[in-house]
Amino acid sequence: MPNLILSIDPSQFYDSEITRFYSFKDCNVYVREGLKLLKAKAVVRNEDSILYLLVDSNDNHLSILRLVKILINRTQYFQIKKSYSPVPNRGFGYLLYKLVLDNQEGKIISDSVNTLPGSYNVWMKLLKNNAYNIQLLNLQSGKKTNISEPIDDLKIWGVEPDYLEGIDQTSWGAVIFEDEFIPEDEDDYYEEEYYVNYLSENDKYERNMVSDFVVRALKMGNNKIKDRKNNVLLVN
C-alpha cells in the first residue's frame, strides 16, 4: 500500500557508468536469449544495498533495481528501494522484478512510494500473476493482509498528505472527463475514462496519471484515497 508519485530522480542510485563504480557479476541465470542479469553489492545513500542490473548482449543497460535489507518487528526483509528502466515501455522493468523475485533469497517488499506510470504498472502485473502470493504489510505493526480479487487498486495505493490538501482546495465540480483523450505509449492497465482535465477558478492542475488516480478515487467516495506510506506490498 505505498503512496504514488509521478516520477523519481534516478541519479540517486543510477548512473550510465555504474558498472565502473561497482563490481557487477553475472548471476548465471537464464533470462532469455541476448539478455543477462548482473548483481553487485553497493553502498547507496549510506545504505548497504544490492543492485540488480539487466543488460543486453552489448551490455546496454535495460533496467536496474536496488534492494536494502530492513527489519520489521524482528523479521528481515529485502526492500526494493527504487527501480528505473533506461529503456522505457519495453517491459524490462517487469522482467527484472520477476528475475529478482525468483532468484533473491529472503522475503521481498516494495518501496513505500511507487511511480505512476512505472512501478505501479509493474506491481499491478505481478498482482495479476498467479505465480506470486502478494500481501499488504504494515511497516509499523508488521500485520499482513491478503489482497482480495477483483483487485481494487484504490485500496492498495495512496498519496502524500500535502497532495490531498491541494486536492481539497480544488473545485471538483468542474472536473471534465474526456473519453476521447488517449495518450501514446501508456500501459493497458489504465482505462481511458480516467484521463481528465482539471479546471477551477483558482487552480489548473497539470494533467498526469497520479492526479487522474486521485480524481477517480474522489469520484467513488472521499474515503477511497488515503496516505498509505506505512504500508508496502510483500511477496511471499
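This passage goes through the salt bridges of the chain and then the surroundings of one serine. The model is predicted, and residue numbers count from 1 along the chain.

Start with the charged pairs. Side chains of opposite charge can pair when their charged atoms come close. Here the count comes to five salt bridges. One of them joins K36 and D59, whose closest N and O atoms sit 3.5 Å apart. This pair links distant parts of the chain, with the two positions 23 residues apart in numbering: K36 belongs to strand β3 (residues 35-44), while D59 is in the loop between β4 (47-56) and β5 (61-72). Neither end is tucked away below the 20% cut-off for buried residues. K36 comes out at 31% relative accessibility, so it counts as partly exposed, and D59, at 46%, also falls in the partly exposed class.

Next come R66 and E47, another salt bridge, with 3.2 Å between the closest N and O atoms. R66 is part of strand β5 and E47 part of strand β4, so the bridge ties together pieces of chain that are 19 residues apart in sequence. The two ends fall on opposite sides of the burial cut-off: R66 is buried because its relative accessible area, 4%, is under 20%, whereas E47 has 22% and is therefore partly exposed.

A similar split shows up for D111 and K82, whose side chains meet in a salt bridge at 3.0 Å, N to O. Again distant parts of the chain are linked, 29 residues apart: D111 is in the loop between β7 (108-109) and β8 (113-115), and K82 is in strand β6 (residues 75-84). In this pair the acid is the buried end, as D111 has a relative accessible area of 8%. K82, with 22%, is partly exposed. Beyond single pairs, salt bridges with shared partners connect E47, R66 and K81 into one network. R66 and E47 thus appear both as a pair and as members of that network.

That leaves the serine. S119 is in helix α3, which covers residues 119-127. With a relative accessible area of 10%, S119 is under the 20% cut-off and so counts as buried. Its side chain reaches back to the backbone nitrogen of T115, at 3.0 Å. Leaving out residues up to four places away in sequence, S119 touches Y97 and N114.

Key. This is a predicted model: local features need pLDDT of at least 70, side-chain atom pairs count only at pLDDT 80 or more; totals for chains, interfaces and linings use all residues. Side-chain values use heavy atoms; hydrogens and water are left out. Helices (H or I, at least four residues) and strands (E, at least two) are DSSP runs, numbered from the N terminus. Buried means under 20% relative accessible area, exposed over 50%, partly exposed in between (1.4 Å probe, protein chains only). A polar contact is a pair of N or O atoms within 3.5 Å; within protein, one must be able to donate a hydrogen and the other to accept it, and residues adjacent in sequence count only if both atoms are side-chain atoms. Contact means heavy atoms within 4.5 Å. A salt bridge is a side-chain nitrogen of Lys or Arg within 4 Å of a carboxyl oxygen of Asp or Glu.
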